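This report describes selected helices, cores and salt bridges in a protein model. Please examine the sequence and the structure below before reading on.

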Amino acid sequence: MIRFHGSAPFRIAVVHGGPGGIGSAAPLAEGILHFCGESVAEPLQSEYSVRELTEELCSQIRDSRLEQPLVLIGHSWGAWLAAFAAQRMPEQIRRLILIGCPPLRKQENVDALRLSRLSESGRRHFHELTRELESAEKAERDKILNALGNLCAEADCFQRAEGIPEEAGQCDGEMFFRVWPEAEKMREDGTVEHCFRMLNVPISIFHGDYDPHPADGIRPIFEKNGKECVFHLLERCGHTPWEEKYAQEIFFRLLGEELRK
């Protein structure tokens, strides 16, 4: 399924995070439409393995309503998925934009930093939800992932802006439960990093200086491998720039410049 924001032509597609954060990229798509004046396609994920999700996104990119080549934007886990698709079909991708990309090598301090930003009760709740997600029945996982996502969003945000539209979608806890462990194994065995090294499209990266995912988890890998990319480090900004009070305006200004390249 693809959700559309604006009217044709659709030269931009945004890929949501998670895995299982279905609809979480809708505010980004609406922001691009409002601030940058560009219509946006929003592919929604529905599969339960990395391979199937990659194939699904490639199929969505080939949709006749999307102009080729297009700008593909991925947020968080969606940055990985967008890279997997771009590595398979570079001729369809004009530019790859990664926002809040998780580190390509395992970083032990991401959850520790998140937890340090929560209250004592918030930390207890985080651990409780993590345990519940592992043992819960399938029907309960959506609710648990939504609560866990809200806690992470609280820890990941520097200062939330007012008037941010609500996410137009739902959490798929089963997708997260099944896909993220597979993706983590791919990071540990070097598959994720290898995919990024093989990319052959122009790349732009946006990363908040308050994001618990360290910028050094992605930037040096591109630099050491000689890959040309544009890197924007946003000040006073967490994991989701379009929700940030101090970074929102400059984020959309810089994003607009990248979209016009």
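## A salt bridge within helix α8

R197 has a relative accessible area of 28% and is therefore partly exposed. In this predicted model, R197 forms a salt bridge with E193, and their closest N and O atoms are 2.5 Å apart. Both residues belong to helix α8 (residues 191-197), where they stand 4 residues apart, about one turn of the helix. E193 counts as buried because its relative accessibility is 10%, below the 20% limit for a buried residue.

## Helix α5 and its two sides

Helix α5 has 16 residues and spans 23 Å from its first C-alpha to its last, close to the expected 22 Å. Its buried residues are G122, F126, L129 and L133. Seen down the helix axis, these residues fall within an arc of 70°, so they line one face of α5. An α-helix has 3.6 residues a turn, so residues three or four places apart point the same way. The cover over the buried residues of α5 includes α4, α6 and α7.

On the other side of α5, the exposed residues are E120, R131, E134 and S135. The side chain of E120 also meets that of R124 in a salt bridge (3.4 Å, N to O). These two residues are 4 residues apart in α5, and thus about one helical turn separates them. R124 counts as partly exposed because its relative accessibility is 46%.

## Helix α6 and its link to α7

Helix α6 (residues 138-156) contains 19 residues and reaches 27 Å from its first C-alpha to its last, close to the 27 Å expected. Its buried residues include I144, L145, L148 and L151, together with R141. The buried residues of α6 cover an arc of only 125° around the axis, which puts them on the same side of the helix. On the other side, A139, K143 and E154 are exposed. Among the elements that cover the buried residues of α6 are α5 (120-135) and α7 (173-188).

R141 forms a salt bridge with E174, with the closest N and O atoms 2.5 Å apart. Since R141 lies in α6 and E174 in α7, the pair ties together parts that are 33 residues apart in sequence. Both partners are buried: R141 has 8% relative accessibility, and E174 has a relative accessible area of 10%.

## Nonpolar cores and the wider set of salt bridges

The largest nonpolar core has 60 residues, and L72, W77 and F196 are among those with the most contacts inside it. Helix α3 (residues 77-88) supplies the largest share of this core, 9 residues. A second, separate core of 22 residues includes L28, I32, I99 and W242.

The whole structure contains 16 salt bridges. R95, E258 and K261 are linked in a network of such bridges.

Conventions
Residues are numbered from 1 along each chain as its sequence is written. This is a predicted model: local features need pLDDT of at least 70, side-chain atom pairs count only at pLDDT 80 or more; totals for chains, interfaces and linings use all residues. Side-chain values use heavy atoms; hydrogens and water are left out. The expected span of a helix is 1.5 Å times one less than its number of residues. Buried means under 20% relative accessible area, exposed over 50%, partly exposed in between (1.4 Å probe, protein chains only). The arc is that of the directions from the helix axis to the C-beta atoms. Contact means heavy atoms within 4.5 Å. A nonpolar core is a set of buried Ala, Val, Leu, Ile, Met, Phe, Trp, Tyr and Cys residues joined through side-chain atoms within 4.5 Å. A salt bridge is a side-chain nitrogen of Lys or Arg within 4 Å of a carboxyl oxygen of Asp or Glu.
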